[in-house]
Every structure is written in C-alpha cells, then in structure tokens.
Amino acid sequence: MSRTSGTTPDSRTALRVCPLCEATCGLTLTIEGTRVTGARGDREDVFSKGFICPKGASFGAADGDPDRLRTPLVRTDGELREATWEEAFDAIAAGLGPVVEQYGPHALGIVLGNPNVHTMAGALYPTVLLTALRTHSVFTASTLDQMPKHVSSGLLYGDANAIPVPDLDHTDHLLLIGANPLESNGSLCTAPDFPGKLKALRARGGTLTVIDPRTTRTAKLADRHVTVRPGTDALLLAAMTYVLFEEKLVDLRDLAPHVQDVEELATAVQDFTPEAASAACDVDADTIRALARELAAAPTAAVYGRIGSCTVPHGTLASWLVDILNILTGNLDRPGGALFPQAATDKTPRPAGPGRGFALGRWHSRVSRHPEAKGELPLAALAEEIDTATPEGSPVRALIAIAANPVLSAPDGNRLDKALDSLDFMVSVDPYLNETARHADVVLPPPPPSQSAHHDFAFNTLAIRNQVRYNRPAVPLEPGRMAETEILARLVLAATGMHGADPSAVDAMVIDSTLGKAVQDPHGPVHERDPKELATRLTGESGPERRLDMMLRLGPYGEGFGARPDGLSLEKLLAHPHGIDLGPLRPRLPQPLKTRSGKIELLPAPIVDDLPRLRAALRERPAAIVLVGRRHLRSNNSWMHNVPALTGGTNRCTLHIHPEDAARLGLADGAAVRVKGAGGEVVAPAEVTDTVRRGVVSLPHGWGHDRPGTRMSHAALDPGVNVNQLLDGSLLDPLSGTAVLNGVPVELAACP
C-alpha cells in the first residue's frame, strides 16, 4: 500500500483484482479509514494494464452497499432475526443432520451460484463440502450458462475443464457466435479490455465476424455481421463444417497426429449442406460458404462461441462444432488460433498419454431422469426435485444455497419460490436477503470484497495470457464479521457432523490429502518426500493462504518445494503486488488430452446420438416471435441492480422489438407489452429498435425484484420483470442439461 497523488492526507491506496466479472482487471482502490471511496485501473497490473469498465469503477459503491447483511439471520417463530455466528451454525447442524440421517445424502441439495467462481472461498470450499456430503443433488449456474462447453470439451479432449480460448492478441480472423464482449467482456475467455483487443485486431488488418440475431455493440464493430435466426447456431456451424469437407479446405496442420475420426465426421455432417441449413438459419447459402472459406483462408483464425450459442436447444452440439471448426482449419493449439491456458495453480502436468475420458449420465435426476453432467443436475429441475414425490428416493428436503439466486436466474421462479417454502430446512450464504435467501432458515453473510483476500483460481484457467496475481484484504475485517473462508469452512463442519471442530481442520485435511497424493506421483516434483515435512514449509497467514502456497509450489510454474528454486510460491507472489507475467499461451498438445485414446476424439458417441435431433431441426418451422436475452455493460448478475451507479441509462428492463413487428402488433415505443411463454407471462415496456431482427424480441436477465421479504431497497425501486418466468423449465439441451433461454417462442399483446 502507498500514498498516491489525488488522495487526502488520511487516505491510502490498495491493489485489488476486480471480482465483478470474468475480465479480472487490476484495480487501485482509494481507501479512507476502512471505506473504499474510489477505484481506478492499475496501470502496472501485468494483465489488465490499467483497463477498467463501469463495474470496476463502481467497486466502492458495490462494496459499501448499505443493504449488505452484516450479521447472520436465523429464523425464529417464522421470522428471520439477527443472531450470533454461534447460534447460526448451531441451527445449521441441528437442521441439516436429521434430514440426512432420515432420508439419506441425496435429500440434501446444494446450489452454487455464479459469484462462487469470483472468490477464493467459493473456489476452495464447495468442492470439500460436496466430497464430504456425497449428494447427487447438486445444481449450479453452469446449467444456465456454460455447461455445453464443459461437456463438449470433456467429450473431445477427455477433460471438461480443458477449454481452449482465442488468442485475441495474435489472431488474423476472429469469428464470434452468440457473444457480445463489448458489453459483457469475455466469458470462458478471461480478457481485460476485450473491446480494445477487437479494435486492435482490425487495426492490424485482421477480420472480425459476428454471428448474432441482435445488432450489438460488438456486431457494429464487425467486418461481417450475420443475423442468424436464434437457436440455429449449430445448424449454421454444421453447414460450415460441411463446406470445409466438400471444398477440400480441411487442413489439420500439426494437429494431424493428435486427431481421430476425421473421415467419420465428414460422413456425419453430409446432410448439413448450406442449402439445407439456409432456410432454418435464415442465412443465405452463399454467405454460409463464404464464412467457411474465409475461416479456412485466414493465416490464423479462431472461432469463439458463448452464452447465446450455449443456452439453445443444441447448445452442446454448437459448442462442439466451434472446436471442430478450429480443429479442421488447423487453428487449435496454435498461436493466433485457440489455445489451452496453463494456470499457476493447475495440477502438476502429467506426461501425455491416454486418460480416463469423460462420462455423462453416471446418475440421473429423480423425477424427469435428466442425466448428470460434470457431477451436476439441471438447475431447471430443482423445483420438481423438491416438490414432486416419486417411488424412487426422497425429494430434496433441505438445501444449501451458496451465492445463488435461482428464483430469478432459473426457469419458472414462481414454482421454485413455492418449492423453497416447503423445504424442511434451508441455508443461504449470501450478502443480501434476496428473492432466494428470503426462504432460508439461516442466512450467512460474507464480508464485502475489500475485506477478503483474492486469487482467481477458475478464471486463470481461461485467461488469454498466463499470469498470476494475489491480493490480501484491502481493509481489515469489520468487527462482528466473519471471513468468507471461515464461513464456508464452518459450514462444511456443521453439515458433515463435525460441528464445533476448529475450522482450520478443513484446510489441514485438504493439505494433508493433497501432499499425500503428491508424494506418490512419480512424475511430480515431490515424489517420495515426507508430506508432513512439506506441510511445515508452507507459508501464509491463514489456512487458505497455505493452500494457495501449496498449489503454487506444486503447479506447473512452481518451485516444487525446492526442486525448482526459480519457481513460484506464495512468498514470491507477495513480492510482486501487480502480479507475475508467465508469458503468452503456447501450444500444449498432447499433454492436456485425457481421452481413453489419448487423442482428440472428433465424433464421440453422445454427439453421434444427438445428431439426428439436429438433422430434424433442418425441417422445423420457426415460431413467429422468439425471445432472446441480453446483458448490459453495467450488470451481469441480479444483485448488481442494487447499486445505484450500475443502474439507469441503457441498463433498463425493456422489451426490444423490431419496428416492423411493433407496427404489425400495434405497439408504440414505451407502451406496455404482455409477453407470454410456456412458464407464465410478464408485462414490460416496449423499446422499438432495429438492433433486433424481425421476429425476435429481447429481455435482459436478472430483473424481477418485486417479491416481498427482500432487503434490496434500490433494486425494488425499479424492479423490472423476471424474463425466466416465461420458461417452464421443460426445454433443455439434453446432453448438458442446460436450460434453453434463447430462441424461445413467445406471444405478444398490447396491454390496454
């Protein structure tokens, strides 16, 4: 920490990586006393170089939101009242234990929300909780977002977390599908200043192609914008794949030794001609051929798809085809193409060779028999898993929700609202009393970000440049607060029959287990050493810091407990407060592959089994009006609507509708529109705009702050409507269990 010009005599500055989106930009905070009064970009940050967006600039307002809970809440006589931490954890142990004892582990459900991947606590402790509980009733935000990419990566590479990212700084041709990084920044592609990188791409003579039914800010920057019909992304990509084979444009380059099933893939896509796909996609066949030819002709190229191509009926196939196009043009694992990042806390790289592969459907949901994916069941199925009895197994009778608000983020919040009210017991770890937490019997509030340490475990595995950063808390923990890491450690103990044990026991257990396995690895840096002796060498002021130190030392850049003296450790990282640059992404194949064959398996059986459904989509008649979502630059989660600095302006809950559709339906700009879907109906003001194509309307995600019993005062002033209430949860991508949130048929009517 240091004084800087522009601060008052009583102020100081501190460094902090922003936790408000996936870009992970470095911030310099201005602090007066214990209050964050300003935030600007850290120009010396090794990754973001001073870039900041409106969310990062509002860090202080979000951090100091007066509606953040400061003490635990425990339900007594039907009312949530403030309680001590001891009372809260006593209540959790007493409430969860009997449910598991009487009905078994699967009667206890776990819901993990998006903010978990933005905190150290969320990265370090939920996995421990899930391992200890052994419940199959696990639901996360992934099945409302990126699960198709995990599944397609698992099937192609044998590892659901082996996700290649576009080499934005060096590519000559970037094709974006279902992505709008000028407003949402990168996602599954951690990249500060994504807008600047797209402008730099064009400035160096590169080409940007955007496939999106909306004319987004990103689309306006593109050399070519293709307004595909929502939900047909996989058909378009399959037709492009067909063209590569038909016109003999396939060139695997250095990938050839690592790839199998090329000829079988050519046969599998033979029905997806541009002419066949054109009517369904509403994209001219010549345009489809041009997209494929331009991709193949570029010196280097990368295809990148995001939430718009994931949350559709064929989300896994679309995600698979994104990588297929990168592979067939020889651009996977190649500078300027799409590469596999290598995070500092990754496991010690093992020698290349066959692995265990990736399996789907190891168990199924109780009611609708949805297959698990990556250990998770569809979040859209949570309500029925609570409120529906079946002969097989017990319904979910108790729930732990960590940083999750599925009443707003999952389909049919009304049904889920009622289901949560019927639970025997519920725990919510959340800084707000929101639409979901209001049902809890115990609410555990973590402190604001400024009072927490920060390291990006998840996002560094998706970063466009290898680097590592760590921040200790910018301000001391406020009296009466508990660190989020301790909250989750105590939750692990209370939920697993170890209530009352020292929370440090959780970290010690993980350290002992990890080092015990590490010394047995003949390819690792600590083979046959004494794990107890290694544990004594760990540094750090807390259990979480010791775990971080251990992961850094054992990781791919680590010092290996002395085996590689120039490598990473916590001590070395602390000496570099702006981070350590670990260099550009590099080709890594075949090391990341964990398939049973040891190769990229282009045509795995689950994909083959799902292709007939895609072929049938060639003949489907489109609905007259379909709904798509949208993100705003100043918000990407429901809780951000409670920060005044992040609302207003274009960040409004309006229904975008094309002028011709508005005229046909007699809708004026600003008029109230009734939108009806399979799950219910909402009323929103029309915003007539040509930024959506004809036959498409758009509502943003995360609104609907009008339920009683919440404590989000600013959000309640302009609550908006919950777009997910239009969905009944029945539409899912079958391979990943991801809810279909885009391309959903709706009916519109003017309100009197």
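In this predicted model, a strand is a DSSP run of E with at least two residues, and strands are numbered from the N terminus.

**Exercise 1. Locate lysine 599 and describe its surroundings.**

*Solution.*
Step 1. Place the residue between secondary-structure elements. Lysine 599 lies in the loop that connects strand 19 (580-584) with strand 20 (600-601).

Step 2. Assign an accessibility class. Partly exposed covers the range between buried, under 20%, and exposed, over 50%. Lysine 599 has a relative accessibility of 33% and therefore counts as partly exposed.

Step 3. List the contacts, leaving aside neighbours within four places in sequence. Lysine 599 then touches Leu156, Pro257, His258, Val259, Gln260 and Leu593.

Step 4. Relate lysine 599 to glutamate 384. These two residues are 215 residues apart along the chain, and 39 Å separates their C-alpha atoms.

**Exercise 2. Determine the strand order and the edges of the sheet formed by three strands.**

*Solution.*
Step 1. Establish the order. The sheet is open, its strands follow the order 1-2-3, and the pairing is antiparallel.

Step 2. Identify the edges. Strand 1 (11-17) and strand 3 (35-41) each have a single partner strand, so one side of each is without a neighbour in the sheet.

Step 3. State the twist. From one strand to the next, the twist averages 30°.

Step 4. Examine one pairing. Strand 2 (residues 26-32) runs antiparallel to strand 3, and six bridges join the two. Across from isoleucine 31 stands valine 36 of strand 3.

**Exercise 3. Characterise the two largest cavities by volume and lining.**

*Solution.*
Step 1. Count the cavities. Four cavities of 30 Å³ or more are present in the structure.

Step 2. Take the largest cavity. Its space amounts to about 90 Å³. Of the 14 residues in its lining, Lys149, Pro164, Val303, Tyr304 and Val322 lie nearest the centre.

Step 3. Trace the lining of the largest cavity to its elements. Strand 8 (165-166), strand 13 (302-305) and helix 15 (315-328) each contribute at least two residues.

Step 4. Classify the lining of the largest cavity. Nine residues are nonpolar, two are polar and three are charged.

Step 5. Turn to the second largest cavity. The volume here is about 70 Å³. Its lining includes Cys18, Cys21, Cys25 and Cys53, together with Phe51 and Lys55. By class, this lining has nine nonpolar, two polar and one charged residues.

Technical notes. Residues are numbered from 1 along each chain as its sequence is written. This is a predicted model: local features need pLDDT of at least 70, side-chain atom pairs count only at pLDDT 80 or more; totals for chains, interfaces and linings use all residues. Side-chain values use heavy atoms; hydrogens and water are left out. Two strands pair if DSSP finds at least two bridges between them. Helices (H or I, at least four residues) and strands (E, at least two) are DSSP runs, numbered from the N terminus. Axes are lines fitted to C-alpha atoms, for helices over the stretch in contact, and angles run from 0 to 180 degrees between N-to-C directions. On a 1 Å grid over the protein atoms alone, a cavity is a set of points where a 1.4 Å probe fits but cannot get out, and a pocket is an open set with protein on both sides within 12 Å along at least five of seven lines; lining residues have an atom within 4 Å of a point. Grid points are joined across faces, edges and corners, and a volume is the space filled by probe spheres set on the points. Ala, Val, Leu, Ile, Met, Phe, Trp, Tyr, Cys and Pro count as nonpolar, Asp, Glu, Lys and Arg as charged, and the others, Gly among them, as polar. Buried means under 20% relative accessible area, exposed over 50%, partly exposed in between (1.4 Å probe, protein chains only). Contact means heavy atoms within 4.5 Å.
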